[in-house]
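The following exercises concern a protein model and its ligand. Please work through each task before reading its solution.

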Amino acid sequence: MVISERLFHQQSLYCQPETIYTCQSSWISTPMPDLCVMSHTGKAIELPDETLQKLASRLHGDLLHQESNAYETTRKVWNGIINKHPALIACCHDQNDVITAVNFARTHNLLLAVRGGGHSVAGHSTCDGGMVIDLSRMNHVSVDQAARVVHVEGGATLADMDQATQAVGLVVPAGAVSDTGIAGLTLGGGIGWLRNLWGLTCDNLLSADVVTADGQCITASHAEHPDLFWALRGAGGNFGVVTRFTFRAYPLKPDVWFTAVYHDGRYMKEVLQFYREYSATAPDEISTAAVCGQFPPGSRDFPSELHGHPYVMIVGMYAGSVEQGQKVMQPLRDFRKPLIDFSKPTTHLEAQKFFDEDYPAGELRYYWKSLFLAELSNDAIDTLVDHASRQPSPLSGIEILYSGGAVTRLDDDACAFAGRKARFLIFVESNWKEAQDNDANIAWPCDLISALQGGTEGSFYLNFSSTAEEKESTMRHNYGNKYQKLVAIKKRYDPTNLFRLNQNIKPS
Ligand SMILES: Cc1cc2nc3c(=O)[nH]c(=O)nc-3n(C[C@H](O)[C@H](O)[C@H](O)COP(=O)(O)OP(=O)(O)OC[C@H]3O[C@@H](n4cnc5c(N)ncnc54)[C@H](O)[C@@H]3O)c2cc1C
């Protein structure tokens, strides 16, 4: 964002702390300068001590500013390329805190970011100079085992939810890296190892408690505010702050069969063709991905002679009995005798963490792009193979995710999510270490996606998008004939675009 970057580079826009406020009350532990906070129009707004004090005293959680002890650790987000400094962070403790913070941001016209798990690749959950509503302390999960219903607070992670549900033999379909936030994942869709059997995360949302821009807390479900409920399932954080999600859960025993086979990258083309054919007839219990990458240098998981060498991997889980899973996934292990085969029975909780180490928080720079494809043509495979051979960082990769079963059986109009009928999601992830390599690593996914698009814009997955400000035309194209409905819903629930730090749908 141009305005944000300007603020970040010109710290002089902040008021100088001439008068240092020494706080007597318990709400703040460090001296408090007069603060200038960024408005949503880019103006610096001066907020006097009393105003901030009043806000802090109304919060059960903490109000942090740049001098606070916890500020530095709290402001950081997962993507190391995002380095922003909000003026205020409201660490919310409960729904009332969220209402207070939303009312404050709206009343003072502040630039506002909302943070759940902080894993937005584009860095939407923070900002320079504005205010962040941080829900990370609101991570409680409660499970109604008999009703198979799970309530999840807006700051919970996948690990929080998976641990609580698996403790009683249940599961909610979600994503596959355990410290990802449930909030952003669900609002954008939610694609994981259970998708083909039980659908996307948003398909299993029963209701959501939402604090809207006017500070009201409403419940959205099929019965109440169905328009809002429709939009929340796939159009991101545009419509309010979700303080609690209620999901449908399913029985899943802790032990599952997990397949992970690595082939020499020289056979990428034929492995991808095989993956395409296998996926078309695989039972719904199987959800998989093909991944093209390079064996990471220095890794203890792979023999050193393979480090830096290209691979193509097929990885996935069977949601059912271990024996049946081993049997029906055997063709994946038999094909072409893999270089390495990590397939084994494991627990669902472990499967959810299989990729955790590849995505360390704060250490790497990440730039991701994606594209839904109706089919995986031979031409598309040729393009993938060609670009895989040119990835600038050995930590990067291309994932090809087959989607079918419960995802594609649902009507396209069931909710806002775009791309439901596509059979494949191409997910290109640039992951690298040094700032000097930014340009090459940002160009690589962009080039690959535009080569696959062949000059036309295709739908992308909101949650795998690094672009901080999508053009209106891109969003319009992405949602197609759902776009005007989304604009009308945005206008109804957030007419001033208070919630604008997301893949934004403008209210007019
Ligand atoms: C390592 C990694 C692995 C991933 N794996 C998967 C995967 O397997 N499957 C998949 O589908 N996706 C996956 N994703 C993508 C993930 O779904 C998105 O990055 C998602 O936005 C993360 O949500 P979050 O709450 O952590 O993010 P945040 O950065 O906190 O927020 C993301 C967006 O949601 C908004 N938001 C956050 N909380 C709320 C709330 N309570 N109410 C309203 N709006 C809110 C924010 O304002 C922001 O616009 C992965 C991402 C990462 C980084």
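Four exercises with worked solutions follow, and the model on which they rest is predicted.

**Exercise 1. The ligand shell**

Determine which residues come nearest to the ligand, which secondary-structure elements supply its shell, and which backbone atoms make polar contacts with it.

Solution.

Step 1. Begin with the shell residues. There are 34 residues around the ligand, and those that come nearest are Val-114, Gly-116, Ser-125, Ile-191 and Tyr-461. By class, the shell holds 16 nonpolar, 17 polar and 1 charged residues.

Step 2. Assign residues to elements. At least two shell residues come from each of strand E7 (112-115), helix H6 (182-188) and strand E14 (241-248). The most is given by H6, with 4 residues.

Step 3. List the polar backbone contacts, for which the cut-off is 3.5 Å between N or O atoms. An oxygen atom of the ligand lies 2.7 Å from a backbone N or O atom of Val-114. A polar backbone atom of Gly-184 is 3.1 Å from an oxygen atom of the ligand. For Val-242, a polar backbone atom is 2.8 Å from a nitrogen atom of the ligand.

Step 4. Consider burial. On its own the ligand has 940 Å² of accessible area, and the protein covers 95% of this.

**Exercise 2. The sheet of 5 strands**

Establish the strand order of the sheet that contains E14, identify its edges, and describe the pairing of E10 with its partners.

Solution.

Step 1. Write the order. The open sheet runs E9-E10-E14-E12-E13, with antiparallel pairing.

Step 2. Find the edges. Strand E9 (141-144) and strand E13 (217-221) each have a single partner strand, so one side of each is left without a neighbour in the sheet. On average, neighbouring strands are turned by 15° against each other, direction ignored.

Step 3. Follow E10 (residues 149-153) towards E14: the two are joined by 5 bridges. Val-149 has Arg-248 of E14 as its bridge partner.

Step 4. Add the helix. Helix H4 (residues 95-107) packs on this sheet and touches strand E12 (205-211), E13 and E14; the direction of H4 makes about 50° with that of E12.

Step 5. Follow E10 towards E9. Here 4 bridges join the antiparallel strands, and Asp-144 stands opposite Val-149 in E10. E9 and E10 form a hairpin with 4 residues between them, and in its turn Arg-148 has a positive phi of about 55°.

**Exercise 3. The sheet of 4 strands**

Derive the order and the edges of the sheet that contains E7, and locate H4 relative to it.

Solution.

Step 1. The order of this open sheet is E5-E6-E8-E7, and the pairing is mixed.

Step 2. Strand E5 (62-64) and E7 are the edge strands, each pairing on one side only. The average turn between neighbouring strands is 20°, direction ignored.

Step 3. E5 and strand E6 (residues 88-91) run antiparallel and are joined by 3 bridges. Asp-62 has Cys-91 of E6 as its bridge partner.

Step 4. H4 packs on this sheet, where it touches E6, E7 and strand E8 (131-134); its direction makes about 165° with that of E8.

**Exercise 4. A helix pair**

Characterise the packing of H16 and H17 by axis geometry and by contact residues.

Solution.

Step 1. The axes of helix H16 (residues 472-479) and helix H17 (residues 483-493) come within 8 Å and cross at roughly 115°.

Step 2. H16 makes the contact through Glu-472, Met-475, Arg-476 and Tyr-479, and H17 through Tyr-483, Gln-484 and Leu-486.

Step 3. Sorted by class, the contact comprises 4 nonpolar, 1 polar and 2 charged residues.

Terms used: Residues are numbered from 1 along each chain as its sequence is written. This is a predicted model: local features need pLDDT of at least 70, side-chain atom pairs count only at pLDDT 80 or more; totals for chains, interfaces and linings use all residues. Side-chain values use heavy atoms; hydrogens and water are left out. A residue is near a molecule or strand if one of its heavy atoms lies within 4 Å of it. A polar contact is a pair of N or O atoms within 3.5 Å; within protein, one must be able to donate a hydrogen and the other to accept it, and residues adjacent in sequence count only if both atoms are side-chain atoms. Accessible areas come from the Shrake-Rupley method with a 1.4 Å probe; for residues, only the protein chains shown count as cover. Ala, Val, Leu, Ile, Met, Phe, Trp, Tyr, Cys and Pro count as nonpolar, Asp, Glu, Lys and Arg as charged, and the others, Gly among them, as polar. Two strands pair if DSSP finds at least two bridges between them. Axes are lines fitted to C-alpha atoms, for helices over the stretch in contact, and angles run from 0 to 180 degrees between N-to-C directions. Contact means heavy atoms within 4.5 Å.
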